[in-house]
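Dear colleague,

Please find below the structure that I am handing over to you, together with its sequence. My account of what was found in it follows directly after.

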Amino acid sequence: VNLVVQIGDLCVLTWCLVLQLDDLTLRGLKLNHRERRFIKFASAEYQGQLYMTPQDFIESVTDSEPRPRMKRRVLRERDLEQFIQEVPLLSKGSPDMFRTIFDQGIISYTEYLFLLSILTKPQTGFRIAFNMFDTDGNQRVDKEEFLVLEKIFSTARRDRLNRALEGAVKAVDGDEGDLEEVVEDELQKRHVVDTTLLLHFFGRKGKQDLKFEEFKMFMENLQTEVLEIEFNEFSKGLPAITELDFAKILLRYTYLQSDQYEMYLERLLDRIPEGRGITFNEFKSFCQFLNTLDDFAIAMRMYTLADQPISQEEFHRAVKICTGAELSPHIVDTVFKIFDDDGDGQLSYKEFIAIMRDRLHRGFKHTSRSEGWEAFKQCVKRSPPASQSQQPREGWVGFKACVKAAMNENQPQQPSVT
């Protein structure tokens, strides 16, 4: 027992030293959720810069943890030359492109942000996204125009790093001239690499132009691919998932407590003891509707301000207005059975909107708890000092609990769906 306590004390000391080093080198800098998640899932490195593979990106938006790996893969020139052969032509794009390329490609951090934004874009937003790239208004996007918007992302991040690290640089070196070296971080270096997206959009020579219809097809394919992966996780090769599986998918990225999560599932089971199942097309249509959630919220607010309950008929009408398409009666009935508090056939609007926002943004929009080192430090502070009457093993158990909390950083609060 004494040996365990001594080992525990040594681990505490080691972790505290790491914490102090972390505070010193990143003084004033707080990585946001997307930055932390990119670093966590990125499995490749080239000339000191981190990259995701297409498979890494898929896992980052469908899983809470990356697949096990010993260390990051350090890429060389010959690897990049090989990756070029794996990228399909723009005309050959498909809803399984990312899965087909797997780990034979690279995605930069700014491209990661771009792809995340695609997943939450409604059909009406595709044209707006394209026009943001089309700086000269000729209805085509060339490689230079695409890289301009990427440069905006990079500049914004460097500015934030400059402000955050300026004090640390002055304190350590007393010389502002070292600042540029500091901001050359592992997410954004100055070297130029033809990533998988650049090759797919603009060809191997970078001379092709990207037209709107091609851009729209790429966005639709990516949305479909991610939804297929989520659906297939539960369908197990069958053409439909159960209503319970549908509820689990909706709730998996939300910040519900375990008892709340179980309450929703039990409510659904009580109200649909034997379901008929939900097809992929029904599931996809509902997820595409969620991309118009802001417009839907405006439409629903008109009813709530007038203290009018929201029935399935009003729900159907609002969806049709926002999307131009209709949801199947069965999937709307299932949603009502999940979010209808008292079983009166009316939707609990505020609760539905709040939970669906978490689902839509896959837990990225807010963080309701401390994560990582902050969680560890706060946990240690909350732990009382060991007393003479305390059993020796309790301090070690408490330390392990703090370590576990720290290692769960970036994982959205979601109950197990297995």
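R276 and E282 are joined by a salt bridge between their side chains, with 3.1 Å from N to O. The two partners differ in their surroundings: R276 is exposed, its relative accessible area being 56%, whereas E282 counts as buried because its relative accessibility is 12%, under the 20% limit. Please bear in mind that this is a predicted model.

The count of salt bridges comes to 14. Another of them connects the side chains of R267 and D341, at 3.2 Å from N to O. This pair links distant parts of the chain, with R267 in helix α13 (residues 258–271) and D341 in the loop between α17 (329–339) and α18 (349–361), 74 residues apart. Here R267 is buried, with a relative accessible area of 11%, and D341 is partly exposed at 45%.

R73 also forms a salt bridge, with D79 as its partner, and the closest N and O atoms are 3.5 Å apart. R73 is partly exposed, with a relative accessible area of 33%; D79 has 12% relative accessibility and therefore counts as buried. In addition, D56, E59 and R67 are connected in a network of salt bridges.

Two members of that network, D56 and E59, are among the buried residues of helix α3. Helix α3 covers residues 54–62 and is mostly covered, as nine of its nine residues are buried. Its buried residues pack against α2 (33–41), β2, α5 (97–101), α6 (109–119) and α11 (212–235).

Strand β2 belongs to an open sheet of three strands, in the order β2-β1-β3 and with mixed pairing. The edge strands are β2 (49–51) and β3 (73–74), each of which pairs on one side only. Strand β1 (residues 44–46) runs parallel to β3, and two bridges join them. Within this pairing, E45 has V74 in β3 as its bridge partner.

I turn now to the aromatic side chains. The whole structure contains 30 aromatic pairs. One of these is formed by F201 and F218 in an edge-to-face arrangement, 4.9 Å centre to centre and with 80 degrees between the planes. F201 lies in helix α10 (residues 196–202) and F218 in helix α11, so this pair ties together parts that are 17 residues apart in sequence. F201 counts as buried, at 0% relative accessibility, and so does F218, at 5%.

A further aromatic pair, F280 and F283, is tilted, with 6.5 Å centre to centre and 50 degrees between the planes. Both residues lie in helix α14 (residues 280–290), three residues apart, or about one turn of the helix. In an α-helix there are 3.6 residues a turn, so residues three or four places apart point the same way. F280 counts as buried at 17% relative accessibility, and F283 counts as buried at 0%.

F280 and F283 also belong to one aromatic cluster, whose other members include F231, F246, Y264, F286, F289 and F296, as well as F315, F336, F339 and F352.

Finally, an aromatic ring also meets a charge: the charged end of R127 sits over the ring of F212, 3.8 Å from the centre of that ring.

With kind regards

Terms used: Residues numbered from 1 in each chain as written. Predicted model: local features only at pLDDT ≥ 70, side-chain atom pairs only at ≥ 80, totals over all residues. Heavy atoms only, no water. Pairing = 2+ DSSP bridges. Helix = DSSP H or I, 4+ residues; strand = E, 2+ residues; numbered from the N terminus. Buried < 20%, exposed > 50% of the residue type's maximum accessible area, 1.4 Å probe, protein only. Contact = heavy atoms within 4.5 Å. Phe/Tyr/Trp six-rings, centres within 6.5 Å; stacked < 30°, edge-to-face > 60°. Lys NZ or Arg CZ within 6 Å of the ring centre and 35° of its normal. Salt bridge = Lys/Arg side-chain N within 4 Å of Asp/Glu carboxyl O.
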